[in-house]
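Let's walk through this protein model together, one piece at a time. Keep the 3D view open while you read.

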Amino acid sequence: MTPSQARLRAGVLEELRASGAQSRAELARKFEVSRSTLSAVIAVLIEEKLVEEADGAHHATKAAGRPGTRVALAAPKGYFIGIDFGRLFIKAAIADANYRILEQVSSDFDIDVPADVALDLAAANVETIIAAAGIDRAEIKAVGIGVPGPVDAATGELHAGSILARWVGTDVPGGLSRRLGLPVYMDNDANLGALAESVYGAARETGVALYVLLSVGVGLGIVINGQVFRGSSGIAGELGHVVVDEHGAVCRCGSRGCLEALVSVNALAKALSVSHGDISSDEMLRQAVAGDVGANRVVADAGALVGRLVGHLCNYFNPELIIVGGELMRAGESLFAPLKEAMRRFSIARATENVRVVPAMLGEQAELIGTLLFAGEKARAAEARPTSAATVGRKARGQSS
Ligand SMILES: [Zn+2]
């Protein structure tokens with residue numbers, strides 16, 4: 001393709017995006033080129049499946065290529081499945097190629113069950129939503145999964161160590177792929193929340209944003225120039241296991257006094273149980289919103305501790321935006337006010353003077369929406385480079401040479 005054809009190609013795509021279906025003759029007039037030049041570019045775009053005949057396939061054999069036939073941007077095709085593995089739930093959803101969710105299911109779960117049990121449950125949930133959506137399995141392009149632990153960005157393997165102890169040594173994407181007969185790709189849940197917020201949520205049009213996931217686990221997704229930054233091997237953003245009190249509570253990772261051990265919603269509910277009896281994290285959050293002094297105190301202390309680390313992160317990354325996701329955001333100002341105050345106290349003034357701190361616009365769906373976007377990203381990359389899916393699968397099964 002010559003430079004002038006490439007410019008015409010880009011111009012035609014933009015024009016179809018802006019103004020919808022048009023005939024080849026109209027487009028040729030608009031771009032002041034001959035109909036044959038225009039038709040040649042359209043033929044390439046149809047070949048690339050970016051453009052299609054707008055007036056129905058049944059006309060195509062007779063009319064395709066003729067100047068009067070209208071063409072339009074090709075409608076995105078296929079479906080994606082996303083699975084968000086929380087510590088206490090599995091959410092699964094199926095979406096069309098525009099990421100509109102068609103069916104969603106959530107079930108109780110314990111991440112400390114053996115991985116095979118977890119994969120059986122996830123696969124059963126996926127079969128339920130495929131059946132409910134009435135989708136032909138052949139049209140499903142990919143499955144994206146999010147897990148509360150670090151994932152190797154290149155191979156999709158868990159860097160789980162002791163964080164997901166029962167999952168170590170299990171090929172999670174490969175095992176699910178075998179159960180479903182579909183390509184499966186995996187990433188860390190906070191990265192996926194950050195991805196969703198950067199595409200559809202609070203971080204759209206934002207250069208540098210940090211997504212802080214405060215839930216049963218604590219994570220961080222880093223968005224730089226609109227892209228999720230995963231570090232050299234996928235560990236970037238392991239905020240939950242930053243040690244803030246070396247003599248503090250023992251953490252599931254084996255260390256002591258990790259941020260997660262101190263501010264996970266379970267840890268806060270447990271702290272409150274001394275005065276409030278056995279209390280669930282949901283009830284603790286409801287009481288914080290209702291103004292209960294004790295619930296407000298544990299949430300405010302958590303906010304201040306998170307804010308201190310977010311202040312450090314502002315010195316490192318100089319973000320425009322801090323997005324708080326996960327169920328702890330339900331606590332509202334009793335979390336956000338101390339978080340912002342500590343963030344400012346523990347950073348240089350210029351790093352935080354213009355930083356906005358907001359709740360996730362996609363709420364507690366951010367991670368799940370991220371799994372769908374991630375499936376879409378990977379499916380498109382695999383279509384563009386047909387060997388990549390096979391490579392990921394082989395590495396994930398531990399058979400790389
Ligand atoms: Zn830890």
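## A small sheet near the start of the numbering

Val 51 of strand E2 stands opposite Leu 73 in strand E3. Those two strands, E2 and E3 (residues 70-73), pair in the antiparallel sense over 3 bridges. Strands count as paired if DSSP finds at least two bridges between them. The strand and helix names come from DSSP runs, numbered from the N terminus: helices are H or I runs of at least four residues, and strands are E runs of at least two.

Together with E1, they make an open sheet of 3 strands in the order E1-E3-E2, with antiparallel pairing. Strand E1 (22-23) and strand E2 (51-53) stand at the edges with a single partner strand each, so one side of each has no neighbour in the sheet. As background, strands of a sheet pair through backbone hydrogen bonds, either parallel or antiparallel.

## What you are looking at

This is a predicted model, in which local features need pLDDT of at least 70, side-chain atom pairs count only at pLDDT 80 or more, and totals for chains, interfaces and linings use all residues. Residues are numbered from 1 along each chain as its sequence is written.

The chain has 15 helices and 13 strands. Its C-alpha atoms fill a box of roughly 80 × 50 × 45 Å along the principal axes. Of its 401 residues, 44% are buried. Here "buried" means that 20 or more other C-beta atoms lie within 10 Å of a residue's own (12 or fewer makes it exposed, anything in between partly exposed, with C-beta atoms placed from the backbone).

## Three domains and a helix at the join

The domain assignment gives domain 1 (3-73), domain 2 (79-191 + 367-396) and domain 3 (204-360); such bounds come from an automatic or database assignment. The centres of domain 2 and domain 3, taken over C-alpha atoms, are 26 Å apart. Their contact takes 16 residues from domain 2 and 18 residues from domain 3, where contact means C-beta atoms, placed from the backbone, within 7 Å.

Which helix gives the most to the side of domain 2 that touches domain 3? That's H7, with 3 residues. H7 (residues 189-200) has 12 residues and reaches 16 Å from its first C-alpha to its last, close to the 16 Å expected; the expected span is 1.5 Å times one less than the number of residues. Since 10 of its 12 residues are buried, H7 is largely enclosed by the rest of the structure. The buried ones include Asp 189, Leu 192 and Glu 197.

## A covered strand

Now find strand E12 (residues 321-325), where 5 of 5 residues are buried. Leu 321, Ile 323 and Gly 325 point one way, while Ile 322 and Val 324 point the other way. That fits a general pattern: in a regular strand the side chains alternate between the two faces of the sheet.

E12 has parallel partners to look at. Strand E9 (residues 208-214) joins E12 through 5 bridges, with Leu 210 partnered by Ile 322. Strand E13 (residues 356-359) pairs with E12 over 4 bridges, also in the parallel sense, and there Leu 321 has Arg 356 as its bridge partner.

## The nonpolar cores

A nonpolar core is a set of buried Ala, Val, Leu, Ile, Met, Phe, Trp, Tyr and Cys residues joined through C-beta atoms within 7 Å. The largest has 101 residues, and Tyr 211, Val 212 and Ile 323 touch the most other members. Helix H11 (residues 293-317) gives the most to this core, with 11 residues. Domain 2 and domain 3 both give residues to the core, so it lies between them.

Leaving out residues up to four places away in sequence, Val 212 touches several residues, among them Leu 220, Val 306 and Ile 323. A second, separate core of 10 residues includes Leu 8, Val 12, Leu 27 and Val 71.

## One buried valine

Is Val 147, in strand E7 (residues 140-147), buried or exposed? With 26 C-beta neighbours inside 10 Å, Val 147 counts as buried. Its contacts include Phe 85, Leu 158 and Asp 189. Val 147 and Thr 371 are 224 residues apart in sequence, yet 9.8 Å apart in space, C-alpha to C-alpha.

Notes:
Contact = placed C-beta atoms within 7 Å.
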